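Q: Please take a close look at a single part of this model and explain it to someone who has not seen it before. I would like to follow the reasoning step by step, down to single residues.

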Amino acid sequence: MAEPPGGGEDPWGKVDAAYGDNGLDSALFMENARKSSIVSRANSIGSTSASSVPNTDDEDSDYHQEPYKESYKDRRRRAHTQAEQKRRDAIKKGYDDLQAIVPTCEQQDFSIGSQKLSKAIVLQKTIDYIQFLHKEKKKQEEEVSTLRKDVMALKIMKVNYEQIVKAHQDNPNEGKDQVSDEVKFNVFQGIMDSLFQSFNASISVTSFQELSACVFSWIEEHCKPQTLRDVVIGVLHQVKSQLY
């Protein structure tokens, strides 16, 4: 084998050393170290970027409370749906009760056939029925008032008849001296003659309008209770003087 050039140095030994097991391991170690440095730098940059965004407690709490919020919304939605359904059921029951109570709703309406009555028709029929009941109530109240007046008049008549019966019982001989029909006629004739004289002097028959006005004026002036009482007393005294 030839000696290597350059005197005592062995360049081939350097080459062998470079390509030897130790030299290859050193190169691989340096390459791995370089790659590790790059990866560590990339990791450090990533960790720095990640650390720049704060991981607050609010995010953690939102993350943990998200299922609870969703569940609360569901409960509120379900409660609202149930309340709305109850309201609709109550309204439907109210209309059903109106149809059962109002007689006109039960009658068949030939204009709509066998179709179900709408809410508007039910309300209108209910309003009409209530107005009818108000009129009937007013009519009945007027009838009751009239009946009360009749009862009061009958009570007065009853008291008067009781007094008449009692007077006859206290004076049983009073009925023997009865007044004749002629005397009654004379009394009636005297009263009518007196009224006719005042009527003839006060009434004008030029026209019907004037006649009506004069009649009312004569009644107000000559038919007052006190005036009639004086006329009757005068006639009675006159008839009494003729009899006795």
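A: A crossing of two helices is called left-handed if the near helix is turned anticlockwise from the far one by less than a right angle, and right-handed if the turn is clockwise. With that in mind, the part to look at is helix α6 in this predicted model, together with the helices that pack against α6, namely α8 and α7.

Some background on the whole chain helps first. The protein chain has 8 helices and 0 strands, so that, DSSP runs being numbered from the N terminus, its elements read α-α-α-α-α-α-α-α from that end on. Of its 244 residues, 8% count as buried, and among contacts between residues at least 6 apart in sequence, 38% join residues at least 24 apart.

Helix α6 covers residues 181–202 and packs against helix α8, residues 225–243, at an angle of about 135°, with the two axes 9 Å apart. Angles under 35 degrees count as roughly parallel, over 145 as roughly antiparallel and 65 to 115 as roughly perpendicular, with the rest being oblique, which is why α6 is described as oblique to α8. The crossing of α6 and α8 is right-handed. On the α6 side, the contact is made by Val 183, Asn 186, Val 187, Gly 190, Ile 191, Ser 194 and Leu 195, and on the α8 side by Leu 228, Val 231, Val 232, Val 235, Leu 236, Val 239 and Leu 243. Sorted by class, these residues come to 11 nonpolar and 3 polar, with no charged residue in the contact of α6 with α8.

Val 183, which is placed in helix α6, shows this contact at the level of one residue. Apart from its neighbours within four places in sequence, Val 183 is in contact with Val 239 and Leu 243. Its C-alpha atom lies 9.8 Å from that of Leu 236, although the two residues are 53 residues apart in sequence. Since buried means under 20% relative accessible area, Val 183 counts as buried at its value of 15%.

Helix α7, residues 208–222, also packs against α6, again at an angle of about 135°, but here with the axes 10 Å apart. The same cut-offs apply, and α6 and α7 are therefore oblique to each other, while their crossing is right-handed. In this contact, Leu 195, Ser 198, Phe 199 and Ser 202 in α6 meet Cys 214, Val 215, Trp 218 and His 222 in α7. These residues divide into 5 nonpolar and 3 polar, and none of them is charged. Leu 195 belongs to the contact with α7 and also to the contact with α8.

For a single residue on this side, consider Phe 199, which lies in helix α6. Leaving out its neighbours within four places in sequence, Phe 199 is in contact with Val 215 and Trp 218. Phe 199 and Val 215 are 16 residues apart in sequence, and their C-alpha atoms are 8.1 Å apart in space. With a relative accessible area of 27%, Phe 199 is partly exposed, whereas Val 183 is buried.

How values were computed. Residues are numbered from 1 along each chain as its sequence is written. This is a predicted model: local features need pLDDT of at least 70, side-chain atom pairs count only at pLDDT 80 or more; totals for chains, interfaces and linings use all residues. Side-chain values use heavy atoms; hydrogens and water are left out. Axes are lines fitted to C-alpha atoms, for helices over the stretch in contact, and angles run from 0 to 180 degrees between N-to-C directions. Helices (H or I, at least four residues) and strands (E, at least two) are DSSP runs, numbered from the N terminus. Contact means heavy atoms within 4.5 Å. Ala, Val, Leu, Ile, Met, Phe, Trp, Tyr, Cys and Pro count as nonpolar, Asp, Glu, Lys and Arg as charged, and the others, Gly among them, as polar. Buried means under 20% relative accessible area, exposed over 50%, partly exposed in between (1.4 Å probe, protein chains only).
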